Amino acid sequence: MARLIADRIGHLLLVLWVVTTLTFLLFRLMPGDPTLNFLSPSFTGETRAALLHGFGLDKPIWEQYLIYLGQLLHGNFGQSFLQNAPVSQILWDALPNTVILTLVSLCLAYAFGIVAGAFLAFRRGGLAEAVAIPVALATRAAPEFWLGMLLLALFAFQLGWFPTDGAVSPGGSLGSLGQRLLSGDFWWHLCLPALTLTLFLQGLPLLLMRATMLEVLNDEFIVMARMKGLSRWSIVIRHAARNALLPVVTAFALGLGASVGGNVVIETVFAWPGIGRVLVQAVQGADYPVAQGAFIVIAFVLVVMNTMADLAYALLDPRVSVGARR
Amino acid sequence: MKRFLLSVALTALPSLAASAQEAGDAIRPLTLITQPEAAAPQEHQAAQIIADAWRKLGLTVNVRPLPGQEFNQVIWYERQRWDTTTWQMVGRPERSDPDELTYNLFVSANAANGYDFVGYNNPEYDKLAQEQREELDLAKRKVLLIQAQELINHDQPYGFEVHPENVVAYNKTVWDPASMVSQAGIGIRNTWTWINVRPLGAQQDVILNSVAPPTNLNPFNISGQQGSWAAEIVWDRLMRVGPEGLPEPWGAEKVERPDTLTVNVTLRHGMMWSDGQPVTIDDAVFSLTAPDIGDKAPMYKPFVRNIASVEATGPDTLTIKLKHPDAAFLVSSLSKLNLAPKHVWQPIFDDLKNKPQTAESIQEEHPVSSGPFRIVRASLNQEIVLEANPTHWSPPKIHRWIMRIMPNVEASLGALKSGEINFLADYTGDPQLLQDLAKSSPNIAVSQALDLGFKFIAYNERRPPFQDVAFRQALSALIDRTLLAEDAWGGAAVPANSWISPALAVWHDQGIVSRVPGGNLEAAQAILAKAGYALVDGKLHYPAGVKETTAPYH
């Protein structure tokens with residue numbers, strides 16, 4: 001097991017190094033430099049050169065790379081070109097908002113998906129299934145921005161039940177994480193983005209749970225339970241559903257990792273101040289340090305969650321092991 | 001010369017059709033660069049309309065969208081490489097004086113790496129531009145500027161498209177419409193409105209939207225278009241461009257120009273910094289000289305380049321000596337440079353001396369300013385919150401000024417309707433949608449104002465055949481400006497044929513737009529035929545004897 005963990009951590013570090021290097025090169029391979037995005041072309045070459053020197057972008061690319069890696073190992077993501085604030089501070093301000101949005105949406109989506117999936121498997125062939133499966137597939141396939149705009153149009157523009165943007169009302173302050181979690185205003189602003197993400201995410205657990213349940217319901221131990229005369233409720237919940245949950249739980253871990261980076265669209269539609277929005281603004285403004293930092297954080301969460309799912313599988317299923325031992 | 005193009009259109013009759021033996025080489029495929037549709041839908045559509053029109057001349061025209069960073073890099077820094085491009089000059093208060101654009105855009109000294117990115121070179125124009133810059137008499141200067149506009153009309157270094165209109169909206173049950181101040185070439189989204197707007201009820205906060213986030217706010221940083229809305233009301237300046245577009249004393253009580261090279265300033269008495277210290281003449285001298293300290297404030301350095309010296313001549317007075325006469329100095333420099341507290345910024349500049357950073361990168365924890373508003377909080381990804389400075393000599397009537405960063409334009413419209421914002425300041429969507437919203441919501445008022453800026457097609461005169469005046473005249477004659485204004489800009493623009501907007505009625509050459517044929521194929525063909533161009537098998541060729549030596553854009 002120790003070898004498996006060491007192997008997976010080795011993979012994790014390798015992937016992070018590749019992501020870090022690619023992210024570094026990606027922006028520098030684009031024509032021009034970041035000053036072109038926020039400096040009027042009317043400014044002289046002298047002005048541009050002074051700013052590039054200030055950013056450290058007048059150094060050879062290999063030197064920039066070594067400085068970047070060295071700083072990264074010390075936990076320093078650098079200074080934002082556009083906001084002139086430490087990148088770690090910008091990311092740290094945004095990350096909790098993304099995590100809250102993701103966790104709330106995932107929990108709602110998986111809670112709903114698991115219950116609905118189990119129910120649909122149990123009532124296979126009924127009217128509920130005929131309606132629910134296409135709806136689940138449609139919301140899963142619909143673009144997030146479209147779903148978001150639809151909910152905005154209905155619940156914000158027409159009915160006026162929810163605010164259109166941001167995480168707090170105009171003039172309000174986000175405050176600390178604790179203050180955010182205790183703020184009714186924050187949760188009120190979270191409703192529409194979380195609902196959009198929930199609708200988008202619920203398709204996977206629902207369909208996965210239904211498919212696994214259908215398999216489990218045909219297993220011999222379920223037949224035995226029926227023969228023992230157990231109630232239908234007891235068979236579905238206590239026996240079938242518990243056994244069908246394993247792949248869904250794994251999907252939850254992977255979904256958490258993917259969603260942290262995948263909220264870019266929803267955070268932009270609702271102006272939700274999360275890491276996805278920070279990333280979009282940084283890419284648009286060629287703010288290399290912030291974009292690099294955001295990519296690394298997203299990649300880190302994704303890779304860590306994948307590794308954890310991998311290890312959990314190995315723990316739960318002894319057949320999964322390191323290739324060398326096969 | 002005034003009616004040159006029109007007269008050519010009416011009188012020239014020669015035909016373009018010719019045989020291959022009579023003509024020069026076929027003109028290579030030309031590339032019209034523009035921005036992607038998602039980034040600039042109006043410019044992109046205009047480029048498509050214009051390319052279609054040019055193809056009727058027998059030209060092969062490829063429209064090539066480039067993303068923002070590459071677009072700027074190619075057009076501005078690789079000047080030998082491209083044929084023609086869409087471009088724009090945006091309206092800013094300091095452009096209320098036409099000098100900046102008149103001088104920078106077309107004077108040949110700026111062709112190598114300055115503003116004259118098309119490489120236009122006409123000594124006659126250079127002379128006019130210099131003369132208007134040195135002429136302090138308004139009437140005489142206007143005559144020179146009219147001559148300059150006529151000359152550009154003849155030479156057509158740009159194919160002018162339109163002057164756009166700024167469309168904004170506000171909740172008229174929250175804000176007194178009579179207290180909105182319209183500024184020439186800017187509209188009601190301006191400093192004067194923020195200071196003068198009067199609430200009608202309990203809502204005392206102006207809540208406006210911004211599509212893009214600003215950069216950090218400090219008196220030596222130009223914080224993007226949206227950031228500058230905040231910076232202008234946080235930091236005072238010695239002068240401000242007034243609603244009429246002319247400079248007015250602001251932080252200065254009086255400004256005099258005894259001769260073309262001297263400016264005497266009397267500082268307004270009783271101004272205070274937000275940390276409680278008085279604004280002194282030393283602060284004013286520092287603010288005018290700090291951008292020239294090394295390379296530590298590169299964004300503001302161009303605005304002090306013409307200053308030879310600044311000296312305090314009394315407890316409230318200072319004298320500025322200029323290196324060269326500059327009619328626009330009061331607008332382009334004194335209305336642009338922020339007053340910054342010396343006791344805060346001198347130590348910062350001292351500290352920066354041996355560091356690579358510049359003053360732009362400094363973010364004060366508690367910014368010290370003297371303007372009508374003070375910074376409460378600047379969460380650049382979310383919102384900027386300013387509060388009124390009640391001790392200011394011109395105190396605002398509102399309590400707070402809150403700018404929400406809302407990248408989703410449609411959500412901004414919804415927010416205005418639902419009351420989450422009460423001033424739609426940054427709207428890049430379809431103007432008709434806004435008009436429809438105003439019709440369906442009686443609370444909403446829409447304000448449309450002609451902008452100082454303009455949109456145009458730039459011809460790269462370093463690359464044949466664009467160095468030929470006749471070729472440029474023909475291309476410009478095919479640009480249907482009315483069609484562009486209506487179709488591409490949805491009616492929120494007016495046709496243009498000058499860099500001086502009709503919003504600046506004092507300087508604009510009235511009727512100049514009618515002195516270039518618009519969307520007129522016959523006129524364009526006549527101009528080309530007269531200049532010797534030939535149409536061979538449906539392809540436009542150079543005049544006889546001219547070889548195509550320029551490689552197509554890649």
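How many helices and strands does chain A have? Let's look at the model, which is a predicted one, and find out.

## Chain A

Chain A contains 15 helices and zero strands. Every regular element you can pick out in this chain is therefore a helix, given that count of zero strands and that helices and strands are the runs numbered here.

Chain A is made up of 326 residues, and 38% of them count as buried. Now think about contacts that link residues with a separation of 6 or more: in chain A, 74% of these involve residues 24 or more positions apart.

## Chain B

Chain B brings in strands as well, with 16 helices and 20 strands. Of its 554 residues, 52% count as buried. For contacts in chain B between residues at least 6 apart in sequence, the share that joins residues at least 24 apart is 70%.

What about the overall dimensions of chain B? Measuring along the principal axes is a handy way to picture them: the C-alpha atoms fill a box of roughly 80 × 55 × 45 Å. The radius of gyration of chain B is 25 Å, which agrees with the value near 24 Å that a compact globule of 554 residues would have.

## Where the two chains meet

The two chains touch each other, and the contact takes 42 residues from chain A and 45 residues from chain B. On the side of chain A that touches chain B, five helices are worth finding in the structure: α2 (35–38), α3 (45–55), α7 (144–158), α13 (264–269) and α14 (275–284) each supply at least two residues. Which of the helices gives the most to this side? That is α3(A), with seven residues.

Sorted by class, the side of chain A that touches chain B has 21 nonpolar, 18 polar and three charged residues.

## Two packed helices in chain B

Two packed helices are described by the angle between their axes and the distance between the axes. In chain B, try this with helix α14 (residues 469–477) and helix α16 (residues 521–530): they pack at an angle of about 170°, and their axes are 8 Å apart. Because angles over 145 degrees count as roughly antiparallel, α14(B) is roughly antiparallel to α16(B).

Which residues make the contact? From α14(B) come B:Ala470, B:Gln473, B:Ala474 and B:Ala477, while α16(B) contributes B:Ala523, B:Ala524, B:Ile527 and B:Leu528. Seven of the residues in this contact are nonpolar, one is polar and none is charged.

Note on methods: Residues are numbered from 1 along each chain as its sequence is written. Chains are lettered from A and ligands numbered from 1 in the order in which they are written. This is a predicted model: local features need pLDDT of at least 70, side-chain atom pairs count only at pLDDT 80 or more; totals for chains, interfaces and linings use all residues. Axes are lines fitted to C-alpha atoms, for helices over the stretch in contact, and angles run from 0 to 180 degrees between N-to-C directions. Helices (H or I, at least four residues) and strands (E, at least two) are DSSP runs, numbered from the N terminus. Angles under 35 degrees count as roughly parallel, over 145 as roughly antiparallel, 65 to 115 as roughly perpendicular and the rest as oblique. Two residues are in contact if their C-beta atoms, placed from the backbone, lie within 7 Å. Ala, Val, Leu, Ile, Met, Phe, Trp, Tyr, Cys and Pro count as nonpolar, Asp, Glu, Lys and Arg as charged, and the others, Gly among them, as polar. A residue is buried if 20 or more other C-beta atoms lie within 10 Å of its own, exposed if 12 or fewer, and partly exposed in between; C-beta atoms are placed from the backbone. The radius of gyration is taken over C-alpha atoms; the globule rule is 2.2 Å times the number of residues to the power 0.38.
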